[in-house]
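I opened the notebook to record what I looked up in this structure. The entries follow in the order I made them.

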Amino acid sequence: MKKILAITAAVMALAVSCSPYYPWDVEDIQLGATTKVVELGSGLGTCEFDVISNVDYEVAIVKGAEWLSFVDAEGDTKQCTVNDTKLMFDVAGNLSGKRMAIVELRHGARVDQLKIKQNGVYDDFLVMHSDDALKYFGANMESRIDHMATSYVVRLETSANDHDVKMELIGDEMVHNFRVENHVLYFDVDANTTGQPRIVDATFYLVNGWDERVSFTVRIRQSYN
């Protein structure tokens, strides 16, 4: 009898905790811009997006508010109605490299992301000084060294700050002490005690304002004793 009562109670609890799900109860939200990415020149001006929406929505400048602003509103956010079908922004002139603003259209959990890419007055660059490239790596960008530990000191020509230059290694983990100071690249290659030759491809790169990599790659071949 106790077992029957327990089963009955469990069924009643399940009936109370669950309710029917009807797909037509979910709000049908249509919200988005017809163009997701706009690319602009370096000069000041305006840009616009056509919006398709069946709900009121919020617009937020989540990145780039220091150079992008609403034509008809103050601050980083703007409240729009279903009848607002065009968004317009003022764009400041760009005297540096490429940069990108991100704008979001929001209604509840629905988010549509837009990107405004603006060119700069120069393209970001990262190369070795030609004399150092020839000294260490030759015309084929390959360095051949003996088994002894070796240090590299290479001048860079770059638009990046020192801390924005990164290194990525493919191959034997024999390169250490990487750093960039005053646009000079330093790194060391350990002595080879493995009894066999070693090879590594080292890529030095920066990520520009459009999330693009700008890089160069060198190869280091090390013999053994």
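**Entry: Gln 222**

I started with Gln 222 and asked: is Gln 222 buried or exposed? The model is a predicted one, and in it Gln 222 has a relative accessible area of 2%. The cut-off for buried is under 20%. Gln 222 therefore counts as buried.

I then looked up where Gln 222 sits, and found it in strand E17. Next I listed its contacts, skipping residues up to four places away in sequence. Gln 222 touches Ile 145, Asp 146, His 147 and Met 148. It also touches Met 174, and then Val 189, Asp 190, Ala 191 and Asn 192. Pro 197 and Arg 198 complete the list.

I also checked one distance. Gln 222 and Ala 149 are 73 residues apart along the chain. Their C-alpha atoms are separated by 9.6 Å.

**Entry: the whole chain**

I stepped back to the chain. I noted two helices and 17 strands. The chain has 225 residues, and 36% of them count as buried.

How much surface does the protein chain expose? I wrote down about 13,400 Å². Carbon and sulfur atoms supply 53% of that area.

I looked at contacts between residues with a separation of 6 or more. Pairs 24 or more positions apart account for 64% of these contacts.

**Entry: the cores**

Which residues have the most contacts inside the largest nonpolar core? I found Tyr 152, Phe 187 and Ile 220. This core has 26 residues. I listed the elements that each supply at least two of its residues. They are helix H2 (130–137) and the strands E10 (126–128), E12 (150–158), E14 (175–181), E15 (184–189), E16 (198–207) and E17 (213–222).

Apart from this core lies another, of 22 residues. Val 51, Phe 70, Cys 80 and Leu 114 are among them.

I followed Ile 220 further, again leaving out residues up to four places away in sequence. Ile 220 touches Tyr 152 and Phe 187. Its other contacts include Phe 137, Ile 145, Val 175, Val 189 and Val 200. Ser 143 and Arg 198 are also on the list for Ile 220.

**Entry: Ile 199**

Ile 199 is another residue that Ile 220 touches. I found Ile 199 in strand E16. Its relative accessibility is 33%, so I noted it as partly exposed. Beyond its neighbours up to four places away in sequence, Ile 199 touches Gly 171, Asp 172, Met 174, Arg 219, Ile 220 and Arg 221.

I checked Ile 199 against Arg 144, 55 residues apart along the chain. Their C-alpha atoms are separated by 9.4 Å.

**Entry: Asp 132 and Lys 166**

Asp 132 is in helix H2. Is Asp 132 buried or exposed? It is buried, with a relative accessible area of 8%. Leaving aside neighbours within four places in sequence, I found Asp 132 in contact with Phe 137, Val 153, Val 154 and Arg 155.

Lys 166 is in strand E13 (residues 166–171). At 39% relative accessibility, Lys 166 counts as partly exposed. Not counting residues up to four places away in sequence, Lys 166 touches Phe 178, Thr 203, Phe 204 and Tyr 205. Lys 166 and Phe 204 are 38 residues apart along the chain, and their C-alpha atoms are separated by 5.6 Å.

**Entry: two Asn residues**

I looked up two residues with a positive phi. Asn 177 has a phi of about 60° although it is not a glycine. It is found in strand E14, and it is exposed, at 51% relative accessible area.

Asn 182 has a positive phi of about 55°, and it is not a glycine either. It lies in the loop between E14 and E15. Its relative accessible area is 71%, so Asn 182 is exposed.

**Entry: the largest pocket**

I ended with the largest pocket. About 270 Å³ of space lies in it. Which residues lie nearest its centre? They are Lys 98, Arg 99, Asp 124, Asn 208 and Gly 209, out of a lining of 19 residues. Strand E8 (99–107) and E16 are the elements that give two or more residues to this lining. I sorted the lining into six nonpolar, seven polar and six charged residues.

Methods
Residues are numbered from 1 along each chain as its sequence is written. This is a predicted model: local features need pLDDT of at least 70, side-chain atom pairs count only at pLDDT 80 or more; totals for chains, interfaces and linings use all residues. Side-chain values use heavy atoms; hydrogens and water are left out. Helices (H or I, at least four residues) and strands (E, at least two) are DSSP runs, numbered from the N terminus. Buried means under 20% relative accessible area, exposed over 50%, partly exposed in between (1.4 Å probe, protein chains only). Contact means heavy atoms within 4.5 Å. Accessible areas come from the Shrake-Rupley method with a 1.4 Å probe; for residues, only the protein chains shown count as cover. A nonpolar core is a set of buried Ala, Val, Leu, Ile, Met, Phe, Trp, Tyr and Cys residues joined through side-chain atoms within 4.5 Å. On a 1 Å grid over the protein atoms alone, a cavity is a set of points where a 1.4 Å probe fits but cannot get out, and a pocket is an open set with protein on both sides within 12 Å along at least five of seven lines; lining residues have an atom within 4 Å of a point. Grid points are joined across faces, edges and corners, and a volume is the space filled by probe spheres set on the points. Ala, Val, Leu, Ile, Met, Phe, Trp, Tyr, Cys and Pro count as nonpolar, Asp, Glu, Lys and Arg as charged, and the others, Gly among them, as polar.
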